[in-house]
Each structure stands twice: as C-alpha cells, then as structure tokens.
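Q: Could you pick one part of this model and look at it closely for me? I would like to follow it outward into its surroundings, in one connected account.

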Amino acid sequence: MLESVLIANRGEIALRIVRACRELGVRSIAVYSEADRGAPHVLAADEAYGIGPAPSGESYLRTDRLLEVAARSGARAVHPGYGFLSERAVFARAVRDAGLVFIGPKPDTIAAMGDKVRARRLMQEAGTPVIPGSPGPVRNPDEARRQAREIGFPVLLKAAAGGGGKGMRVVEGPEGLERALAAAGREAEAAFGDPAVYLERYLDAPRHIEVQVLGDGHGNLVHLGERECSIQRRHQKLVEESPSPVATPELRTRMGEAAARAARAVGYVGAGTVEFLYLDGDFHFLEMNTRLQVEHPVTELVTGIDLVEWQLRVAAGEPLSFTQEDVRLSGHAVECRITSEDPFQGFLPATGRVEVLEVPVGAGVRWDGGIRAGFDIGRHYDPLLGKLVTWGLDRASAVRRMARALDELTIVGVPTSVPFHQRVMRHAAFRRGDLSIRFIEDHPELTAGDVDADTLAVVAAAAALLADGERGRQPARGRRAAVPPVFSAWRRAGAKWAVLP
Ligand code: MV4
C-alpha cells in the first residue's frame, strides 16, 4: 500500500479521503488555505500544511505549493478529490514528473476526455452510442448549415473544449444558426480560450444517467451500475440516486457494457464516470469524467464497494479482487447535497457561522460532511456543506428514510438547501420517479418562497416561549406530550435563528 497520500482538496471530500487512508493505514497529509485553519479536514488528517490565502487561485490551485508540501512531508501520492485540479492533465503530469503517484487515470486519458470532440470520436470508435452530431468542430456558417440539415433541428452548439454547459446554444431552425454560431464561439473563447464549437442534435428534457467504472493497471475494468442525476439546477446536481428509477436489468447491462467499452478504449485506470443522456429508452454518451464524483456514495451503498479504498489500492498497483460477475446491486440509495444556499431565493449562496450541527444517525443513514459547529462558511469555495445519503431495501424506503433524516438534520446559523430537499422527498412526481433535467423548472412549488426568515424567527420564538410554559406538565402515562416539538418544527421551516430548549 502507499505509505502516504497528500490530499489536494478541502471540505467533505478531503475528509472522505482521510477516512479511507486511516482504514488502510496510510498517512494522510492535508493542505489548507487561511480560510480553512481549523477546518474539519485539517483536524482529521495526520498532518496539515498551510498553502496560502483563501482564494483558491492562491492556495488549492497552486501546483507549486502543493508539490512543495509533498516534498516537505515526504508524500508518496497525491489525491486530487473533485473540482480544483482533479481533471487537469497538466497537474497530473506535474505530480508524476515529481516522482509521485497521481491517484487517478493517466494524464493522456484526462486530456483526451477534456476535448469533447475527441472524446466523442473515441467513444464512437469504441461502439458507444453518441448523440448524432458533427464529426468535428464546425468552421463556418455554411458548414454549420449543411451539418445541421443532416442532423435535424433543433440542434445544440457546444464548445469543443467545454463541459459544464458554457458556450451552449439551442438553435431551432436554419435562420438562427449564423448568429448563434458567432455567439457560442465568443463564449467558448472567453470560457476556455478556444473558440471551436460543434453541433449535436438537441434532446429535449432527457434524463442524466451516469455509469461508475473502476479499472486497475492490469487490464481489468468493471462497471458498478448507474446513478440517476437528473435533479439539478444550472449544472449543479442536487439529488442523486442509484439505481435509476428507469433502469431495467437489460438497460443496466447495455449501459454498463457501453461505459466499460468506452473506458477500456482509453485504457482507463482508477474510478471514472461515463455520463449519458437518456430519452425514451435510448441512451447516448455525453461526457466522461476522469475523477471521483461528489455522488459516489450512492454507488458505494448499493454495491458495498468502497470507491476511495479502491482508488488507493489501484494507485498502489493492486489488481481488482473482484470481477464483473461479483458486482451485485442491492437495495436503493439516495443522496441530497446540503449546500449553504437559500432555495427560496434562487439558491442564493449564503455565508455565516455554523452555530449548531446535529447530524442524523440510524440504520441506512450516512453523513459525508465537511463542517463542524463553530466553522465559518465564507464565499471562497463551493457551497457544499455535506451530503446526506440513505439506503433502503427499495426506492420508497430509501426516500422515506431520507425524509426522516432531513427532519433530524439541524444546521443553525446559515441558510441551507434542507427545506428544498424536504419538499422533493415528499413530491408526488419525485416519488413516481418521473424525472428529467428540467425537474426543478417543471415544479416551481419546490422553490416557491417560504415565510421570510425574520418573520418566522419572531413567530417561532413566541411558540418556543409558549412551549416552555407548557413543558412543566407531564403527559399522563401512555399519552403523548401536549406540546409538539416546537424546536424541530421550527428548524424544519429552515429558520436562521433558534432558541435552544
Ligand atoms: C445536451 C443536452 C441536450 N441535448 N446535449 C449540459 C452540460 C453539458 N456537459 C452537456 N449538457 C447538455 N447537453 C444535447 N445534445 C442537454 C444538456 C443539459 C444537461 C445535461 C446533463 C445534466 C444537466 C443538464 C442541464 C441542461 C442541459
């Protein structure tokens, strides 16, 4: 096994990696910015080193400082987590060139999948269905018109260097093509420094379903079932689950084999994800993510396979100890991303100090968190506070368990997405599994304004005082208390302030 791992990340994923290291007897080395002194990942790791000021450009994205810490601490490997430097081929190469193990695929694989046109071509050659589209970047309006006619309208313009939806433009007919091409090119140039764009047939309201793959350095590669990730807003996923409510065993096998073929075609080593768009029974390759993903826990809960453990084992040169036939899916898992955003104000990012943190426990409940009471949530990093994940024998029980766990999750001091998730878990369309990437727009009642927090605080304080007055009376034997749990009703409403009982 690797003797030590430098974790080039922060928050819940850094903690997740520390835990895997500890179980394997690997020394964990954390890094932190000035905003993250005393952050949970820093306290949890075996060692921690400051790498600069709060802005990530001056800390978590500084390859030079990370490699300095690696040298100083004697780290043998680097785990990039997700985001930050995790999909930068140049970083992976720099880590290797410094004589360290990069915990992830080969730099060339990262580069190939980062180029969306190249990735499409590779996947097509591997026999994975791709969305009908142009064979390469479109160079001029004439070429665009010819290809669009062949593909059929509506078409979608995408940045070749893209990802994350930047530079995308839907075009309904030939009239709009020239303008959209110019605009998409400018946007792609601004976002990625590369104006190249290509065309795909536009799929209306598909599902986003992805397949987890895991390969070792000995030519073995398995797929670990799919995740349904359709519930998202502005390309930020909010709820994920495994399996997908639409996946039959036949679909799972077809998608899994398509994903595994795709990954084998690029000699994939480590944990990766092949993303598909699914519509009316058909699926098409979208992108491949060459990193561990935020939503990996739902796969872990239904397969029993610890993905971070296997990332470390594979990076150390171990072969997979199981085959595709050994992979069995059991039950159903759901994940809610808990963020410091106000769902009733367009998911406005919020800041504040976490005053109280109470985390649900019990059978089938997992909290992958990155916060603690007393920790300040600032504006410098993404707003993910933690992930609440539940497992059940079937989808309905996993969802009921999530609703209960959300009611028990108490975060006081900063607005969170918890009340949004409570609505989703009780929503009829969600319970039917009737999902698409438009789910949130299609159901505005999920994000319609709640009572404003200040009004609620006054009402809740009055209720709490009344409840305190009643609390002296004990219910008769076998009777419920006359006073309902005011504090839990209050926190369920997402109040910013609480008078603790
Ligand atoms: C699409 C699409 C519809 N048709 N491609 C958005 C991010 C980028 N990586 C790919 N994306 C999409 N590509 C075709 N041909 C719709 C999206 C899309 C989307 C995809 C997955 C998850 C959420 C999404 C939200 C909006 C649009």
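**From one loop outward**

A: Arg234 is found in the loop between strand E10 (221-233) and E11. Bear in mind as you look that this is a predicted model. Phi of Arg234 is positive, near 50 degrees, in a residue other than glycine. That catches the eye because most residues other than glycine have a negative phi. Arg234 has a relative accessibility of 67%, so it counts as exposed, the cut-off for which is over 50%.

Phe84 is another residue with this feature: its phi is positive, about 35 degrees, although it is not a glycine. Phe84 sits in the loop between strand E4 (77-79) and helix H4 (89-97). With a relative accessible area of 23%, Phe84 is partly exposed.

Back to E11, the strand that borders the loop of Arg234. This strand covers residues 236-242 and runs antiparallel to E14, to which four bridges join it. One position to look for is Glu241, which stands opposite Val334 in E14. At the other border of E11 comes a further loop, leading to helix H9 (249-265), and Pro243 has its place there. The peptide bond between Ser242 and Pro243 is cis, with omega about -5 degrees. A second cis bond runs from Phe153 to Pro154, with omega near -5 degrees. Pro154 is in the loop between helix H7 (141-151) and E6.

Now follow the pairing into E14. This strand, residues 332-339, is mostly covered, with eight of its eight residues buried. Both faces are covered: one side carries His332, Val334, Cys336 and Ile338, while the other carries Ala333, Glu335, Arg337 and Thr339. Besides E11, E14 also pairs with strand E21 (residues 384-392), in the antiparallel sense and over eight bridges. Ile338 has Gly386 as its bridge partner in E21.

Next, the ligand. Its shell draws at least three residues from each of domain 2 (133-201) and domain 3 (207-446). The centres of domain 2 and domain 3, taken over C-alpha atoms, are separated by 30 Å. Strands E6 (155-159), E8 (197-201) and E13 (282-289) each supply at least two residues of that shell. In total 17 residues surround the ligand, and the closest are Lys158, Glu200, Arg201, Leu203 and Glu287. By character, the shell divides into eight nonpolar, five polar and four charged residues.

Three polar contacts are worth displaying. An N or O atom in the side chain of Glu287 is 2.5 Å from a nitrogen atom of the ligand. From the backbone, an N or O atom of Arg201 lies 2.7 Å from a ligand nitrogen, and a polar backbone atom of Leu203 is 3.0 Å from a nitrogen atom of the ligand. The ligand taken alone exposes 530 Å², and the protein buries 89% of that.

For a contrast with the antiparallel pairing of E14, turn to the open sheet of five strands, ordered E3-E2-E1-E4-E5, where the pairing is parallel. Strand E3 (47-52) and strand E5 (101-102) stand at its edges with a single partner strand each, so one side of each is left without a neighbour in the sheet. Within this sheet, four bridges join strand E1 (residues 4-7) to strand E2 (residues 27-33), and Val5 has Ser28 as its bridge partner in E2.

Technical notes. Residues numbered from 1 in each chain as written. Predicted model: local features only at pLDDT ≥ 70, side-chain atom pairs only at ≥ 80, totals over all residues. Heavy atoms only, no water. Buried < 20%, exposed > 50% of the residue type's maximum accessible area, 1.4 Å probe, protein only. Pairing = 2+ DSSP bridges. Near = heavy atom within 4 Å. Polar contact = N/O pair within 3.5 Å; in protein donor to acceptor, adjacent residues only side chain to side chain. Areas by Shrake-Rupley, 256 points an atom, 1.4 Å probe, with all protein chains shown as cover. Nonpolar A, V, L, I, M, F, W, Y, C, P; charged D, E, K, R; others polar. Domains from an automatic or database assignment.
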